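Reader: I would like to go through this chain term by term, asking what stands behind each label before I rely on it.
Author: Then let us begin with the chain itself.

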Amino acid sequence: MVKRILITLGCFIAAILVTSLSHVLFDDGSFPLSLSCGKFDQKIIAVNTKEEEVNRLYADGVFLGNITSMDKLNNHLKEVYKDKYEDDFPGSGVHLGRNTYVVSEPGYFSYSDVDDQLLQYLDDNEDYTLETNAVIFSDDSGEYAEIYVTDTKLYEEAMNEYLSFFIDGTKSLAALEKNQDQSTLTDYGSKDVSLTVSQKISYQKKNASPSEIRRTREEILNYLEYGDTTEKEYYTVQKYDTVAGVGAKNHGLSANQVMNINRDQISSVDQVLKEGEQLCVTYFRSPIDVVVSRQALRKEAVYFKTEYQEDETMLVNTSQVVQDGINGSRNALYNEKWVNGILVSGSLKSSIDIQQPVKEIVKIGTMQPKDVGTGSFRYPVDNAYITCPWGCYYNHTGTDFINQYERWGNAIAADNGVVKEISYNSVSGNYIKIDHNNGYVTYYGHLREPSPLKVGDVVQKGDVIGRIGMTGFATGPHVHFYIEENGQKENACEVSIFPSCKEIGGD
């Protein structure tokens, strides 16, 4: 604004000089002083007795010059559109650049014609915008982002493809968005119930430079996936890597997440990977939040309890199982909330016991410590889920368990026993070993902090022995778990007295 005032003031002073000297003319009618303004030294050639409209052209606040013919400018814009942009941007039109504008003001001066130079300046700097469709993203705090697209249908196609990454492919996206399916899940597995986008999305007609306008579905989809992020991290597949293993070694991505962000290379979570191929391991950084409500019905173990009965007729340190314990089971229905494909919360909606557990009865000699395993293990965390099974990547000798609903929850003793070792190393971080005094030893790695127990403490099945963590070499909070049987490290999911891992998505 200050620049405009100074420019106008300069031209006004020049006009006063012209007026004061207007009685002194050369024979050809020109002024004896050479007075000019603007980028192209535009001359003041006459002072008029009446006000006439003057059209001043500015770019980024800089005065370029006065336009002699607005018709010439408008026709030039039409020609530029037809020659350069009509094929790629049909149905649009060319306008001046976003920071280039014309100010119309009354004035008494006539100026030399520099229209051709002004138009050439616009061409040289490609100082143009096109009328197009703006997709505007807003939340409770207001508008925070917008993109420009040639066709809103292309945007909607890209959005639908993006949303499809987060739902069961058998479900209708339209039905989920309308929350039409109110039925309760009756078969084991999961069911998407509803889908929403947290932010508000609207359309407007706006002007944008050609380089800002996205013309293909792929360009729009890339924005929905990563916003303005251009740098991505890649991983080189090693020998024996699996899809799940790549995710486990890179930020704790799930196999489905690895597949979705590499959908041009991976079509199944069970796909055999080629050594040396490059996979993206940067998860979506979208400007929107896709929220999916999901029901999950699982068959869960109801663990039997052990009742100890002291028997004075039995020797100390001896025991006898007089009734075998049998786990029961229940159908548990959970409500889950997933945001951008990541499980953020879950709660038990209802459960039905389908088989009651039978308690184990063990007779023990008087004062017998309860440091001997029951002969039946439980999972080392509650709400268990396996993120990386035994051998999911090369030399992975263990099973990684997470608590789906409390990622930093408790690590739990899988059976009765005595704390054998508490220590730390660079791979497993904080870990603890429990000797069950029946030929089995269990191992719990990556604890958040050292276990509060001490070597020699007696623990019972289900006791808290620490907190889930990611110390050592870990990309997400989990418990690295395995069983030693008579000194030999074993895959827990293949030990007969360990619960079936198929119940929680592992083998």
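Reader: Which residues of α2 are called buried, and how do you know that they deserve the word?

Author: The buried residues of α2 are Leu73, His76, Leu77, Val80, Tyr81 and Tyr85; buried means under 20% relative accessible area, exposed means over 50%, and partly exposed lies in between, with a 1.4 Å probe and protein chains only as cover. This is a predicted model, in which local features need pLDDT of at least 70 and side-chain atom pairs count only at pLDDT 80 or more, whereas totals for chains, interfaces and linings use all residues. Residues are numbered from 1 along each chain as its sequence is written, and side-chain values use heavy atoms, with hydrogens and water left out.

Reader: What makes the buried residues of α2 one side of the helix?

Author: They cover an arc of only 140 degrees around the axis, the arc being that of the directions from the helix axis to the C-beta atoms, and therefore they sit on the same side of α2. On the other side of α2, Asp71, Lys78, Lys82 and Asp83 are exposed. The cover over the buried residues includes β3 (62-67), β4 (94-96), β5 (100-111), α3 (115-124) and β6 (128-139), where contact means heavy atoms within 4.5 Å.

Reader: How does the span of α2 compare with the expected value?

Author: Helix α2 (residues 70-85) has 16 residues and reaches 21 Å from its first C-alpha to its last, close to the 22 Å expected at 1.5 Å a residue; the expected span is 1.5 Å times one less than the number of residues. Helices here are DSSP runs of H or I with at least four residues, strands are runs of E with at least two, and both are numbered from the N terminus. By that rule there are 8 helices and 28 strands in the chain.

Reader: Why can one speak of a buried face in α3?

Author: In α3, Asp115, Leu118, Leu119, Tyr121 and Leu122 are buried. Seen down the axis of α3, these residues fall within an arc of 155 degrees, so they line one face of the helix. On the other side, Asp116 and Asp124 are exposed, while the buried residues of α3 pack against β2 (42-59), β3, α2, β4, β5 and β6.

Reader: What is notable about Glu126, and is this residue buried or partly exposed?

Author: Glu126 has a phi near 45 degrees, a positive value in a residue other than glycine, and lies in the loop between α3 and β6. With a relative accessible area of 49%, Glu126 is partly exposed. Asn437 also has a positive phi, near 55 degrees, and lies in the loop between β23 (429-435) and β24 (440-447); at 39% relative accessibility, Asn437 counts as partly exposed.

Reader: What makes β14 and β15 the edge strands of their sheet?

Author: The open sheet has 3 strands in the order β14-β18-β15, and its pairing is mixed. Two strands pair if DSSP finds at least two bridges between them, and β14 (306-311) and β15 (319-323) each pair on one side only, which makes them the edges. The twist averages 30 degrees from one strand to the next, where axes are lines fitted to C-alpha atoms, for helices over the stretch in contact, and angles run from 0 to 180 degrees between N-to-C directions.

Reader: How many bridges let β14 and β18 be called paired?

Author: Set against the minimum of at least two, 6 bridges join β14 to strand β18 (residues 360-365), and these strands run parallel. One of the bridge partners in β18 is Glu360, which faces Thr306 in that role.

Reader: In which sense do β16 and β17 pair, parallel or antiparallel?

Author: Strand β16 (residues 328-339) and strand β17 (residues 342-355) pair in the antiparallel sense over 11 bridges, and the bridge partner of Ser329 in β17 is Gln355. Their hairpin has 2 residues between the strands, and Asn340 there takes a positive phi near 55 degrees.

Reader: What is Asn222 in contact with, once its sequence neighbours are set aside?

Author: Leaving aside neighbours within four places in sequence, Asn222 is in contact with Gly227 and Lys232. Asn222 belongs to helix α6 (residues 217-226) and, at a relative accessible area of 30%, is partly exposed.
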